[in-house]
Amino acid sequence: MLNTNSDGDGATATAPLLEEAARNRGGGGGGGGGGGGRWWRKVLDLEEAKNQVLFSLPMILTNVFYYAIPLVSAMFAGHLGNLELAGATLANSWATITGFAFMVTCIAD
């Protein structure tokens, strides 16, 4: 999308919006050219991205630790043997399914 600016003498100039925004912020020219910011600075707001990552960090860590518990259990059971690993995996799957169904039923009532 182009931004059209009208001069006082009736001539119009067109400039891409991203380049105009970069000039207004003090960023330089294109990615490979002389001196200024890189192309991704025109597209990505680093401050907003940093705030979103920091805001979602507790949820990311919770999910990592939540999925690490069965992983560590399977790794320990795998050291015992194939039959024990299969049994531990089935027991973990069964406990997860029935445990979640039980929690959802109790919370809903």
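The C-alpha atoms at the two ends of residues 60-80 lie 31 Å apart, and this span is 100% helix and 0% strand. The structure is a predicted model. The UniProt record, an unreviewed entry, assigns the feature "transmembrane region" to residues 60-80 and also to residues 86-108.

**Overall architecture**

The protein contains 4 helices and 2 strands, arranged along the sequence in the pattern β-β-α-α-α-α. Of its 109 residues, 6% are buried. Among contacts with a separation of 6 or more, 7% join residues 24 or more positions apart. The exposed surface of the protein comes to about 9000 Å², and carbon and sulfur atoms supply 67% of that area.

**Helix 3**

Helix 3 covers residues 46-80 and has 35 residues. Because the expected rise is 1.5 Å a residue, helix 3 should span 51 Å; the distance of 48 Å between its end C-alpha atoms agrees with this. Within helix 3 there is a kink of about 45 degrees at Leu57, shortly before the proline Pro58. Just after helix 3, Gly81 adopts a positive phi of about 150 degrees.

**The aromatic pair**

The structure holds 1 aromatic pair. Its members are Tyr66 and Tyr67, whose rings are 5.3 Å apart centre to centre, with 80 degrees between the planes. The geometry is edge-to-face, since the angle between the planes is over 60 degrees. The accessibility of the two tyrosines is set out below.

| Residue | Relative accessibility | Class |
|---|---|---|
| Tyr66 | 38% | partly exposed |
| Tyr67 | 57% | exposed |

Tyr67 counts as exposed because its value of 57% is over the 50% cut-off. Tyr66, at 38%, falls between the 20% and 50% limits and therefore counts as partly exposed.

Note on methods. Residues numbered from 1 in each chain as written. Predicted model: local features only at pLDDT ≥ 70, side-chain atom pairs only at ≥ 80, totals over all residues. Heavy atoms only, no water. Buried < 20%, exposed > 50% of the residue type's maximum accessible area, 1.4 Å probe, protein only. Contact = heavy atoms within 4.5 Å. Areas by Shrake-Rupley, 256 points an atom, 1.4 Å probe, with all protein chains shown as cover. UniProt positions renumbered as here; feature names shortened; annotations may be inferred. Phe/Tyr/Trp six-rings, centres within 6.5 Å; stacked < 30°, edge-to-face > 60°. Expected span 1.5 Å × (residues − 1). Bend = angle between axes of the 7 residues up to and from the residue.
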